[in-house]
Amino acid sequence: MIRNRIVPALIVAALAVILAGKLLFHVAVDPFLWTYGVLVTLVTFTTFFGAYRYYTDPAKDPPHPSVTDLRPKVSCIIPVKNEEGLITRCVTSVLEQTYEHLEVIIVDDGSTDRTPAILDGLAASHPRMRVVHLPKNLGKKRAIEAAVPLATGSIFAFADSDSVLGKHAIERLVDAFNAHPNAGAVSAHGRALNAGTNLLTKVQDTWYEGQFRLSKGLESVYGAVTCASGCLSAFRREAFEPFVHEWAHDTFLGKEFKFATDRQMTGYVLREGRRDTHESMPATADGGSRETPKKWEVLYSHSAKVWTEVPSTWRKFLRQQARWKKSFIRNLFFTGRFYWRRPPLAAFAFYLGILFVLVGPLIAFRAIYFLTANGDLLSAPLYLSGVTFVGLLYGLDYKLRNPDSTYWIYRPLMSLISTFVLSWLLIYAAFTIRNPSWLTR
Amino acid sequence: MKLKLIEVLVLGFMVVMFGVLLWKFFHWPFA
């Protein structure tokens with residue numbers, strides 16, 4: 001449709017005009033604000049342009065000729081703790097997948113509500129499903145570790161217990177693996193399951209849409225998605241299994257680190273090369289054939305849909321965000337150590353993104369309080385306008401793929417919340433990073 | 001696709017905001 005071309009073109013053009021304006025005319029303002037503004041606009045422009053122009057859904061590509069088994073067995077592993085309200089919907093959505101070569105392993109991580117009984121009831125009528133009851137709560141990572149030895153599939157699909165999978169989700173993820181033999185992991189497209197609950201959930205839904213389709217979309221172009229989302233992602237057995245123990249027992253600053261489940265899991269795949277033995281290559285000195293480590297790709301499939309419950313109260317939302325910030329910090333010292341080996345543009349965006357997160361709060365402080373207090377009364381409103389405008393661009397992008405929804409108008413709120421509330425959580429997260437409490441309830 | 005009144009208003013707001021952002025490039029009192 002023509003609208004699908006015009007709106008992205010307008011969004012990209014608006015960003016290009018602002019970027020050009022900043023570069024050509026606007027050098028006399030506060031240099032910190034200017035530099036930050038130019039870089040943010042550049043990254044935003046690159047994200048929209050790259051994701052629109054170059055992203056294609058890897059699940060829509062035809063199977064690669066080298067792939068012989070187009071129906072690999074998938075083991076879907078879901079750790080769960082006290083999720084009696086949603087677990088039936090979650091598990092049913094997996095059991096009703098269009099992809100049938102599938103086993104389902106649910107790990108009950110020491111639930112104290114009706115979850116164990118519900119799971120046993122479901123397992124009784126579904127032979128493809130098995131339930132592992134852990135005697136006590138071990139945490140999400142160790143629950144997954146307990147399930148892996150039982151899994152017989154060549155692909156692991158990990159889902160969150162508060163998520164509901166689209167009917168074709170697993171099939172799409174498998175299609176992506178079939179088309180891309182170098183893909184070590186594929187992330188699905190996540191949205192809010194309870195988007196309609198209140199303003200906060202609407203805001204988060206619009207944010208998820210952009211985070212996945214645009215940010216992960218651009219990373220996927222380079223085969224280097226930094227976080228295959230925990231709500232639903234699939235991993236090749238050989239890309240992840242060797243690291244399960246190390247991952248599940250991750251320590252940071254001398255203590256066990258319980259967060260960063262998905263981000264860290266993706267990190268192992270990004271770090272490790274795929275080891276293929278090429279007979280055609282010259283033999284090594286000891287007569288053996290040379291192993292060529294080839295990088296795994298991590299992709300994102302827009303058509304593999306999953307809906308996950310998002311926090312509906314500020315308290316829960318801020319706790320989740322604090323947890324994510326802790327994961328971000330932990331992952332800086334993991335993925336940050338080797339991501340530079342990925343394609344330069346992806347690496348550039350990755351490290352610049354880190355810089356934004358680190359200096360974002362300081363820039364907001366400078367623009368809003370410091371400059372205003374020093375008599376510059378225009379910087380603050382213009383900074384706010386910029387943040388809101390970029391939020392609106394993301395909103396338009398949401399509207400593009402969700403034409404019947406009006407939620408897009410709430411998207412700028414997420415930009416403002418992000419700037420003035422979430423960015424500061426980084427400091428809180430840094431000071432409490434050794435506190436392992438999950439704080440979900 | 002039909003736009004609701006609120007959506008039209010937000011779009012209008014967006015255009016105005018874009019205008020403001022462009023305006024600043026040419027009229028900056030602190031330069």
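These questions and answers cover the helices, domains and chain contact of a predicted model.

Residues are numbered from 1 along each chain as its sequence is written, and chains are lettered from A and ligands numbered from 1 in the order in which they are written. Local features need pLDDT of at least 70 and side-chain atom pairs count only at pLDDT 80 or more, while totals for chains, interfaces and linings use all residues.

User: How far apart are the end C-alpha atoms of helix 11 of chain A?
Analyst: Helices are DSSP runs of H or I with at least four residues, and strands are runs of E with at least two, numbered from the N terminus. The expected span is 1.5 Å times one less than the number of residues. For the 19 residues of helix 11 (314-332) of chain A that gives 27 Å, which agrees with the end-to-end distance of 26 Å.

User: Which elements are among those covering the buried residues of helix 11 of chain A?
Analyst: A residue is buried if 20 or more other C-beta atoms lie within 10 Å of its own, exposed if 12 or fewer, and partly exposed in between, with C-beta atoms placed from the backbone. In helix 11 of chain A, the buried residues include A:Ala322, A:Lys325 and A:Arg330. Their cover includes strand 8 (251-252), helix 10 (261-271) and helix 14 (411-431) of chain A.

User: How many residues of helix 10 of chain A are buried?
Analyst: A:Arg263, A:Met265 and A:Tyr268 are among the buried residues. Helix 10 of chain A is largely enclosed by the rest of the structure, because the buried residues number ten of the eleven.

User: Is A:Phe420 buried or partly exposed?
Analyst: A:Phe420 is found in helix 14 of chain A. A:Phe365 is 55 residues away in sequence and 8.9 Å away in space, C-alpha to C-alpha. With 16 C-beta neighbours inside 10 Å, A:Phe420 counts as partly exposed.

User: What separates the centres of domain 1 and domain 2 of chain A?
Analyst: The bounds come from an automatic or database domain assignment. Domain 1 of chain A is 3-56 + 342-431, and domain 2 is 72-281 + 289-313. Taken over C-alpha atoms, the centres are separated by 30 Å.

User: Which element gives the largest share of the side of chain A that touches chain B?
Analyst: Two residues are in contact if their C-beta atoms, placed from the backbone, lie within 7 Å. By that test, 18 residues of chain A are in contact with 18 residues of chain B. Helix 1 (3-25) and helix 13 of chain A each give two or more residues to this side. The largest share, six residues, comes from helix 13 of chain A.
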